Amino acid sequence: MSAASTRSRTPDRLCAEAVDLARAAAEEAAAPGVVGEHAGVVSEGDRVVTHFFECKELGYRGWRWAVTVARASRAKIVTLDEAVLLPGPDALLAPEWVPWSERLRPGDMGPGDLLPTDAEDLRLEPGFSGADDPVPSAPVSEEMAELVEAEDAEVTAAAPRNLPTAPTRGSISAVAEELGMRRARVLSRYGLHIAADRWDEAFGAKTPMAQAAPAPCVSCGFLVPVGGSLGQAFGVCANEFSPADGRVVSLAYGCGGHSEAAVMPKPPQPAPPVIDETRVDPFPLRPARDSGSVPSIPDEDTAELGHS
């Protein structure tokens, strides 16, 4: 280790003793009463020392006032360099700033919000090939890009109907628009893969609902098939009582609302009446004399009791 580096690590004596000068500078830069006790000295170089003071201001827990002082070679007067508020080892810091494109999560968009897509987005690819430039009204056209990048937009006096918003007749862009292929970009293979992974994670075979389901969605009558390559693995649930109603579900997903999982039992019906037509049951018009509980012949012994 050289002698110069040894001297730089050892705080200069005069600079280290200038605690009052450093405190006065910190109190001048800070609000009254927020500069705390002296928290140490650090050598920044030859005859350059930084004094630390505790910060008592609310919301700055662990921060320190750092006041740097210095003196010239062979001089005995210590001068002030700077006074700043710096975070300490245990300071409360704000989270690291993240660009909005990385902070955005599904469900964050609300009514009226606009989400621009990058021209080089890996999830998208050209909707038709053979055309050098997309249609002028497309968001990735050169005309739109120039308007976005321009600092001062020029206002023209022409009406909107006179502006060149339609592709040139006979070009590939015009033919594609006539065939209904008006999308300048479509999903790429990478975009399809990440969408499939996202859907399978939400409504796939590994979810707890699918693990407890009696049968997969591929055999459910409420499954609405989708077109394209995604139709080989996904569909749309149309069961209003299912937790995935209106969602894109994997064919391996399932729930208790499967159309063929259980059959609703029919309510019990009473047995039909049995009619025997081989015999005749006589029904007398008048009851027999001995059919009652009291004999029809008067009894002299019971006459006094009121029986007839």
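This tour moves through the structure stop by stop, naming what to select and what is found there.

The model is predicted, so local features are reported only at pLDDT of at least 70 and side-chain atom pairs only at pLDDT 80 or more, while totals for chains, interfaces and linings use all residues. Residues are numbered from 1 along each chain as its sequence is written, and side-chain values use heavy atoms, with hydrogens and water left out.

**The four-stranded sheet**

Begin by selecting strands 1 to 4, which form an open sheet in the order 1-2-3-4 with antiparallel pairing; strands (E, at least two residues) and helices (H or I, at least four) are DSSP runs numbered from the N terminus, and two strands pair if DSSP finds at least two bridges between them. Strand 1 and strand 4 are the edge strands, each pairing on one side only, and from one strand to the next the twist averages 20°, an angle taken between N-to-C directions, from 0 to 180 degrees, of axes fitted as lines to C-alpha atoms. Now narrow the selection to strand 2 and strand 3, which run antiparallel and are joined by seven bridges, and pick out F53, which stands opposite W65 in strand 3.

**The largest nonpolar core**

Keep F53 and W65 selected and add A26, V35, V67 and V69: of the 17 residues in the largest nonpolar core, these six touch the most other members. Such a core is a set of buried Ala, Val, Leu, Ile, Met, Phe, Trp, Tyr and Cys residues joined through side-chain atoms within 4.5 Å, where buried means under 20% relative accessible area, exposed over 50% and partly exposed in between, with a 1.4 Å probe and protein chains only. Helix 3 (19-29), strand 2 (48-55) and strand 3 (63-70) each supply at least two residues of this core, and the largest share, four residues, comes from strand 3.

**Two arginines with positive phi**

Next select R47, in the loop between strand 1 (35-45) and strand 2, where phi is near 60°, a positive value in a residue other than glycine. Then move to R74, in the loop between strand 3 and strand 4 (79-87), which has a positive phi of about 65°. Most residues other than glycine have a negative phi. R47 is partly exposed, at a relative accessible area of 29%, whereas R74 is exposed, at 84%.

**The three-stranded sheet**

Select strands 7, 8 and 9, an open sheet in the order 7-8-9 with antiparallel pairing. Strand 7 (223-225) and strand 9 (248-250) stand at the edges with a single partner strand each, so one side of each is left without a neighbour in the sheet. The twist here averages 50° from one strand to the next. Three bridges join strand 7 to strand 8 (residues 234-237), and V224 stands opposite V236 in strand 8. Just off this sheet in the sequence, select G221 in the loop between helix 8 (208-211) and strand 7; G221 counts as exposed at 61% relative accessibility, and its C-alpha is 5.6 Å from that of S259, although the two are 38 residues apart in sequence.

**The cavity**

Finish with C217, C220, C237, S242 and C255, which lie nearest the centre of the largest cavity, among its 13 lining residues. A cavity is a set of points on a 1 Å grid over the protein atoms alone where a 1.4 Å probe fits but cannot get out, and lining residues have an atom within 4 Å of a point. The volume, the space filled by probe spheres set on the points, is about 80 Å³, and a search of the whole structure finds one cavity of 30 Å³ or more.

Conventions. On a 1 Å grid over the protein atoms alone, a cavity is a set of points where a 1.4 Å probe fits but cannot get out, and a pocket is an open set with protein on both sides within 12 Å along at least five of seven lines; lining residues have an atom within 4 Å of a point.
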